[in-house]
Amino acid sequence: MQILQPPTWAKPRGYSNGVAASGRIVFVAGQVGWNARGQFDAGDFVSQARQALVNIVAVLAEAGGRPEHIARLTWYVVDKEEYLASSAALGRAYREVIGGHYPAMTAVQVVALVEDGARVEVEATAVIPESGR
């Protein structure tokens, strides 16, 4: 995986501007912050975001992938201010689950999510190298 960073641009914090990769492409559907039983254990944004990332890692593992194979994340949040106010705690939760890998990311505020009680939904695209590394 190659991080794409134009040399004259300021380095982004917590994401990459672009990623180039080759291998097996895996698409992970939007994951909300519920557990394996489809129930929310927490109502706060950071806990739900952490669980959504855990869910992505679990789905990715089914394809033999790991967090460092994630090439892109798209975050759908119901409250932009909640997302921004949670940045420090969200960063800690992200690093606990994904580590120090920062793929290309987009975050958008939406009016609502389909699942009642969901504060965030995250979808992922991963590229697993042909060698599996």
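Start with the largest pocket: select Arg13, Gly14, Tyr83, Ser87 and Gly91, the residues nearest its centre among the 15 that line it. Keep in mind that this is a predicted model.

**The pocket**

The volume of this largest pocket is about 490 Å³. Which element gives the largest share of its lining? Select α3, which provides 6 residues. Now add β5, residues 104–109; like α3, β5 supplies at least two residues of the lining. Colour the lining of the largest pocket by class next. You should find 9 nonpolar, 4 polar and 2 charged residues.

**Two helices**

Stay with α3 and bring in a partner. Select helix α1, residues 45–62, together with helix α3, residues 87–97. Their axes lie 9 Å apart and make an angle of about 20 degrees. Angles under 35 degrees count as roughly parallel, so α1 is roughly parallel to α3. Turn the view to see how they pass: the crossing of α1 and α3 is right-handed.

Next, show the side chains where the helices meet. On α1, pick Phe45, Val46, Ala49, Arg50, Leu53, Val54 and Val57. On α3, pick Ala89, Leu90, Ala93, Tyr94, Glu96 and Val97. How many residues in this contact of α1 with α3 are nonpolar, and how many are charged? There are 11 nonpolar and 2 charged residues, with no polar ones.

**Isoleucine 25**

Last stop: a strand. Select β3, residues 24–32, and find isoleucine 25 in it. Which residues does isoleucine 25 touch, leaving aside its neighbours within four places in sequence? Show Thr125, Ala126 and Val127, which are in contact with isoleucine 25. Then select histidine 69. In sequence, histidine 69 and isoleucine 25 are 44 residues apart. In space, they are 9.5 Å apart, C-alpha to C-alpha.

Notes
Residues numbered from 1 in each chain as written. Predicted model: local features only at pLDDT ≥ 70, side-chain atom pairs only at ≥ 80, totals over all residues. Heavy atoms only, no water. Axes fitted to C-alpha atoms, helices over the stretch in contact; angles between N-to-C directions. Helix = DSSP H or I, 4+ residues; strand = E, 2+ residues; numbered from the N terminus. Parallel < 35°, antiparallel > 145°, perpendicular 65-115°, else oblique. Left-handed = near helix turned anticlockwise from the far one by under 90°. Contact = heavy atoms within 4.5 Å. Nonpolar A, V, L, I, M, F, W, Y, C, P; charged D, E, K, R; others polar. 1 Å grid on protein atoms, 1.4 Å probe; cavity = no way out; pocket = protein on both sides within 12 Å on 5 of 7 lines; lining within 4 Å. Points joined across faces, edges and corners; volume = space filled by probe spheres on them.
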